[in-house]
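Thanks for coming. I will keep this brief and walk through one structure, so please have it on your screens.

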Amino acid sequence: MNIRPATSDDAEVICQMIHKLADFEGLSASCELTAETIHKMLQEENSLFALLAETENGTTIGLAAYFFIPLAMLSGRTVLYLEELWVEPAYRNKGVASKLFQNLEQIAKEKNCLRIEWKCLKENISAIAFYHAMQGDVSDTWLTFMKPIS
């Protein structure tokens, strides 16, 4: 397995994986993401970053899409925000997600980030177990608020 940074040439495969994730989460009806949008975001400075996990023959089997929150006000340091983590079902429980997460930790250390943050659906029991195994803590002090913009 190889982990590499994504380029704008990977927009189509990234889009496909995010649509698979949305379907897995029961959110496919609200997933409007296009490869063109991903392509543009990957080209914009500090917009979107991604790591791809590939087999030895170049088949993409995993994705970690992330961005940086520029400033955590109390510390003055950035936060690496993990937006999406997806591993193709046939490759789960084979260390792919762990390898992607370890690479994210290395990037966060190199960028002197304060922490890595992410969200997980309450119903995604396997992801919750994985994140606990990666020593992630669930915040019991911060609530996530959302206001949709239509």
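There are 4 salt bridges in this structure, and I should say at once that the model is predicted. I will go through three of those salt bridges.

Take D10 and R4 to begin with. Their side chains meet in a salt bridge, at 2.8 Å from N to O. R4 has another partner as well: its side chain and that of E54 form a salt bridge at 3.0 Å, again N to O. That pair ties together distant parts of the chain, with R4 in strand 1, residues 2-5, and E54 in strand 2, residues 49-54; the two are 50 residues apart.

Are these residues buried or exposed? D10 is buried, because its relative accessible area is 10%, and the cut-off for buried is under 20%. E54 is buried too, also with a relative accessible area of 10%. R4 is partly exposed, with a relative accessible area of 22%.

The next salt bridge is between the side chains of E117 and R115, and here the N to O distance is 2.5 Å. Both residues are partly exposed: E117 has 26% relative accessibility, and R115 has a relative accessible area of 40%. As for networks, R4, D10 and E54 are joined into one by salt bridges that share partners.

Now helix 1. The helix covers residues 11-24, which makes 14 residues. From its first C-alpha to its last it reaches 20 Å, close to the 20 Å expected at 1.5 Å a residue. Which residues of helix 1 are buried? They are A11, I14, C15, M17, I18, L21 and A22. Looking down the axis of helix 1, you find these buried residues within an arc of 165°, so they line one face of the helix. What covers them includes helix 2, residues 35-43, along with strand 2, strand 3 and strand 4. Just after helix 1 comes G26, with a positive phi of about 75°.

Strand 4 is one of the elements in that cover, and I will stay with strand 4 for a moment. The strand runs over residues 77-87 and is mostly covered, with 8 of its 11 residues buried.

On one side of the account is strand 3, residues 60-72. Strand 3 and strand 4 pair in the antiparallel sense, over 9 bridges. Within that pairing, I69 stands opposite V79 in strand 4. The two strands form a hairpin with 4 residues between them, and in the turn G76 has a positive phi of about 75°.

Then there is strand 5, residues 115-118. Strand 4 and strand 5 run parallel and are joined by 4 bridges. Here L80 stands opposite I116 in strand 5. How does the chain get from strand 4 to strand 5? It crosses through helix 3, residues 96-110, and this β-α-β crossover is right-handed. R115 and E117, the salt-bridge pair from earlier, fall within the residue range of strand 5.

Next, backbone angles. Most residues other than glycine have a negative phi. What is the phi of N46? It is positive, about 60°, although N46 is not a glycine. N46 sits in the loop between helix 2 and strand 2. With a relative accessible area of 55%, N46 is exposed.

N93 is another such case. Its phi is near 65°, a positive value in a residue other than glycine. The position of N93 is in the loop between strand 4 and helix 3, and at 85% relative accessibility N93 counts as exposed.

R92 is found in that loop between strand 4 and helix 3 as well. R92 counts as partly exposed, at 29% relative accessibility. What does R92 touch, leaving out residues up to four places away in sequence? The contacts are F24, W86 and V87. F24 falls in the residue range of helix 1, while W86 and V87 fall in that of strand 4. As for Y66, R92 is 26 residues from it in sequence and 20 Å from it in space, C-alpha to C-alpha.

To recap: a salt-bridge network holds R4, D10 and E54, helix 1 has its buried residues along one face, and strand 4 pairs with strand 3 in the antiparallel sense and runs parallel to strand 5. That is what I have.

Notes. Residues numbered from 1 in each chain as written. Predicted model: local features only at pLDDT ≥ 70, side-chain atom pairs only at ≥ 80, totals over all residues. Heavy atoms only, no water. Buried < 20%, exposed > 50% of the residue type's maximum accessible area, 1.4 Å probe, protein only. Pairing = 2+ DSSP bridges. Right-handed = clockwise from strand over helix to strand, strands pointing away. Expected span 1.5 Å × (residues − 1). Arc of directions from axis to C-beta. Contact = heavy atoms within 4.5 Å.
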